[in-house]
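Grab a pencil and work through these exercises one at a time. Try each task yourself before you read its solution.

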Amino acid sequence: MASIPPPVFSIPPPLPPGWTEHMGPTGPYYFNAHTGESTYVRPLPAFPIIPQAVAAVPATAAVAGAAAAGPAPKKPKKEKPVVKTPIPGTEWLRVITNEGNTFYTHTGRKQSVWTVPDEIKEAVEQLEREEALKKAKEAEEAAKRAEEERAKEVERIQREVHEKVSKRKAEEVVPVDEIVVSKKAKVTGEAEDDDMGDDDEEEDDESEEEEEEWQREAAAQLAKEAEEEKRRQEEEKQRQEEEARKLKEAEKQKGMPQINMPERVDLSIDEAKALFKTLLREKNINPLHPWDTSLPLFVSDPRYVLLPSVSARREAFDEYCRERARELRESKVKVEKETLDPRQEFEKLLKEEVKSTRTSWTEWRRQWKKDRRFYGWGRDDREREKRFREYLKELGEQKRVAVLKAEKDFFALLKESGLAKPGAIWKDIKKHLVSDPRYDAVGSSSLREELFNTYIKAGASDAPAQSPVPGNASDSLSGQATVEDEEEKERRRRERKERAVRDREEKVRAERSKVEADIDRSKLGLTKEEGELEFRTMLTDAIRDPQVSWESVQPQLQKDPRFVNSPLPLNQQLHLFHAHVNALRVKHLANLHALFASNAPALNTPFTALPVASLLSSLPATKLGYSVEDLEREYDKWQRERWTEARAAFDQMLSENSFVEFWGRLGKMDAKGVNVSIKNEDLGDDEEEEQVDMKALAKNVDLKEMIKVLKNDKRYLVFDHVPEQREQWLRDYLSHLSAPTLSVHVPEK
């Protein structure tokens with residue numbers, strides 16, 4: 001039974017019991033203290049359900065009720081575009097509908113969206129700024145025009161007053177005071193005119209100064225009235241705005257469509273969530289701030305109420321935070337990629353982290369492979385490894401130059417000190433040199449001592465120790481002593497030094513080459529297994545034809561960097577290549593044998609009975625490059641192998657069969673000294689006890705009995721095409737059997 005819809009009230013109906021009205025950030029909301037429910041829609045009181053069978057209300061009452069309730073609600077009009085504004089510099093239009101909603105449409109792609117697209121966001125902001133400036137300018141001009149009109153009106157009134165005053169002065173019959181009263185009557189009203197008229201008749205002798213005072217009072221009164229008129233207009237405007245706001249609220253409470261009210265827009269959950277995220281993005285909400293901190297920044301926006309519940313809003317807020325945080329990280333990475341040079345960052349990483357020439361590429365890559373400075377440069381690890389090894393060489397050269405410079409500076413220190421003389425002891429000399437930085441530049445104490453001894457051997461001392469000679473004695477000895485030429489001595493000394501340095505360099509070079517050889521051998525041992533695995537993978541990827549040769553496949557392999565950079569020697573590469581080709585051949589042969597087995601189930605199937613054309617076109621025969629003769633030769637070989645396997649299986653069947661084994665051996669027993677008999681009761685006959693001769697029974701078990709036992713075995717049936725030969729095999733097997741070894745038990749009597 002249908003219910004009558006609640007009537008539409010011109011004023012809000014009373015709230016149901018338990019509901020209270022409160023003012024929120026976006027307007028009034030309603031709260032039920034009993035149920036804890038809150039809503040922005042004004043709850044209506046419950047109306048009783050009137051049965052249809054109730055007598056109809058009289059026509060007059062219905063008409064009166066309809067008149068009191070007002071006109072029936074009309075069907076809401078369809079939302080249509082009203083104003084279309086082209087966005088400068090783009091193919092987009094901004095469209096405002098008759099409901100006050102705004103959307104954007106692309107004239108070329110015929111695409112419409114409710115939110116501002118990113119590609120025209122700046123253009124839309126510029127257009128809105130220009131419109132805001134234009135509106136502000138128009139409002140300023142309107143205010144200016146209103147001010148000018150008001151000033152003109154005041155000036156007109158003052159001019160009329162002056163004209164009336166002048167006219168009254170010209171009429172001498174009428175007293176001045178009476179004219180004043182009549183003017184006041186026009187300004188203030190008829191009631192004042194009667195009172196003022198009586199007073200002015202009594203004051204006929206007022207002076208001319210009083211008339212001027214009246215004029216001033218009239219001008220002040222006019223200004224006051226103009227101010228009151230202006231204030232009255234402002235109050236009227238405020239009253240109209242208040243009425244419009246109340247009407248708007250009343251329409252909202254009655255459930256009528258409301259312009260620009262998001263809760264009245266028919267949106268899906270996904271659309272509402274998208275608009276809510278757009279609100280958060282426009283407000284530039286920090287994704288790292290919690291919900292409670294960010295809520296005051298956007299709670300007053302009408303789009304806040306698009307989602308139906310607080311939990312849905314928090315879920316959309318969390319999604320926005322995750323998406324926005326990811327966008328910020330990606331933009332930061334993009335900025336870093338644009339601003340930083342990947343090659344320079346890789347070089348910087350090498351300089352900071354590679355301090356020794358013994359650093360291994362594998363260990364260093366494992367440590368830094370997740371660093372952006374590592375994987376940001378280079379096409380692949382091969383290029384990065386190449387630069388790494390070049391840097392190791394550069395680092396080794398730098399260290400070598402630094403070592404040579406330190407040794408040279410150490411020699412200079414010994415020379416400058418003057419203490420390094422033949423016979424000097426290093427322990428005594430180094431106490432005087434330890435404070436000099438050139439002493440510490442040589443990193444090893446043993447190396448310092450070795451350099452000192454080298455310097456002494458090279459004759460580093462500038463001059464032999466001489467006793468002081470008096471001045472007069474030196475003049476007498478100058479002609480007698482033969483002094484070696486100073487230049488020759490300097491040359492010899494320089495040669496000795498250079499020879500010592502060269503010897504030292506040769507020694508360092510030899511030690512360095514030895515260390516590098518050890519490093520290369522260790523690296524070769526570590527990478528040999530990896531190189532072999534990589535070479536096998538390359539062969540699997542590149543070679544799938546079992547008929548190729550090493551010479552024919554080399555041009556193809558030369559293009560693969562795994563072949564060019566392989567650390568394996570040539571003989572090992574050849575070994576791996578042939579092993580791979582043989583594996584391919586064995587694989588295709590196994591597939592070909594499977595085709596043979598499916599087409600030749602019997603051992604006596606001839607080659608002519610096979611579908612030769614189908615076998616030749618099969619993948620295994622094609623890969624192996626077999627002709628009809630090759631295929632027949634392979635089939636014969638396979639049949640021989642198959643015959644051999646079947647023959648071995650036949651012998652195994654005979655050895656496994658206990659019936660053949662028992663009676664065959666029992667028939668070989670010799671009767672000498674052996675009494676082989678069993679009681680009849682052991683055979684299941686209880687009538688009489690008599691002895692049964694087992695040899696006689698064995699003679700009764702002939703070859704046919706054994707064939708009956710074996711005929712159900714597949715290994716026996718496979719030789720049905722050669723029954724005589726099969727029977728001969730069985731006889732040969734029985735003939736080779738030996739008699740069983742018997743144990744003699746003496747029965748107790």
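**Exercise 1: the cores.** Which residues of the largest nonpolar core touch the most other members?

First, some ground rules. This is a predicted model, where local features need pLDDT of at least 70, side-chain atom pairs count only at pLDDT 80 or more, and totals for chains, interfaces and linings use all residues. Residues are numbered from 1 along each chain as its sequence is written, and side-chain values use heavy atoms, with hydrogens and water left out.

Step 1: know the terms. A nonpolar core is a set of buried Ala, Val, Leu, Ile, Met, Phe, Trp, Tyr and Cys residues joined through side-chain atoms within 4.5 Å. Buried means under 20% relative accessible area, exposed over 50%, and partly exposed in between (1.4 Å probe, protein chains only).

Step 2: pick out the residues. The core has 18 residues, and Phe650, Leu654, Val660, Leu710, Phe719 and Leu734 touch the most other members.

Step 3: find the suppliers. Helix 23 (628-656), helix 24 (658-666), helix 26 (703-710) and helix 28 (723-735) each give this core at least two residues. Helices (H or I, at least four residues) and strands (E, at least two) are DSSP runs, numbered from the N terminus.

Step 4: look elsewhere. Another core, of 17 residues, lies apart from that one and includes Leu275, Ile285, Leu306 and Cys321.

**Exercise 2: one helix.** Work out why the buried residues of helix 10 line one face.

Step 1: list them. In helix 10 (residues 361-368), the buried residues are Trp361, Trp364 and Trp368.

Step 2: look down the axis. The buried residues fall within an arc of 70°, so they line one face of helix 10. That arc is taken from the directions from the helix axis to the C-beta atoms.

Step 3: recall the rule. An α-helix has 3.6 residues a turn, so residues three or four places apart point the same way.

Step 4: find the neighbours. The buried residues of helix 10 pack against helix 9 (342-353), helix 11 (372-375) and helix 12 (381-417); contact means heavy atoms within 4.5 Å.

Step 5: check the loop before it. Thr359 sits in the loop between helix 9 and helix 10. Leaving out residues up to four places away in sequence, Thr359 touches Val354, Trp364, Phe388 and Leu392.

**Exercise 3: two sheets.** Find the strand order of each open sheet, then its edges.

Step 1: take the sheet of 4 strands. Its order is 4-5-6-7, with antiparallel pairing; two strands pair if DSSP finds at least two bridges between them. Strand 4 (81-86) and strand 7 (111-113) are at the edges with a single partner strand each, so one side of each has no neighbour in the sheet.

Step 2: zoom in on one pair. Strand 4 and strand 5 (residues 92-97) are antiparallel and share 5 bridges. Val83 has Ile96 as its bridge partner, while Lys84 has Val95.

Step 3: take the sheet of 3 strands. The order here is 1-2-3, again with antiparallel pairing. Strand 1 (19-24) and strand 3 (38-39) are the edge strands, each pairing on one side only. Between strand 1 and strand 2 (residues 27-32) there are 6 bridges, and His22 stands opposite Tyr29.

**Exercise 4: an odd phi.** Is Asn284 buried or exposed?

Step 1: place Asn284 in the loop between helix 6 (269-282) and helix 7 (291-298).

Step 2: read its accessibility. At 55% relative accessibility, Asn284 counts as exposed.

Step 3: check phi. Asn284 has a positive phi of about 55°, although it isn't a glycine. Most residues other than glycine have a negative phi.
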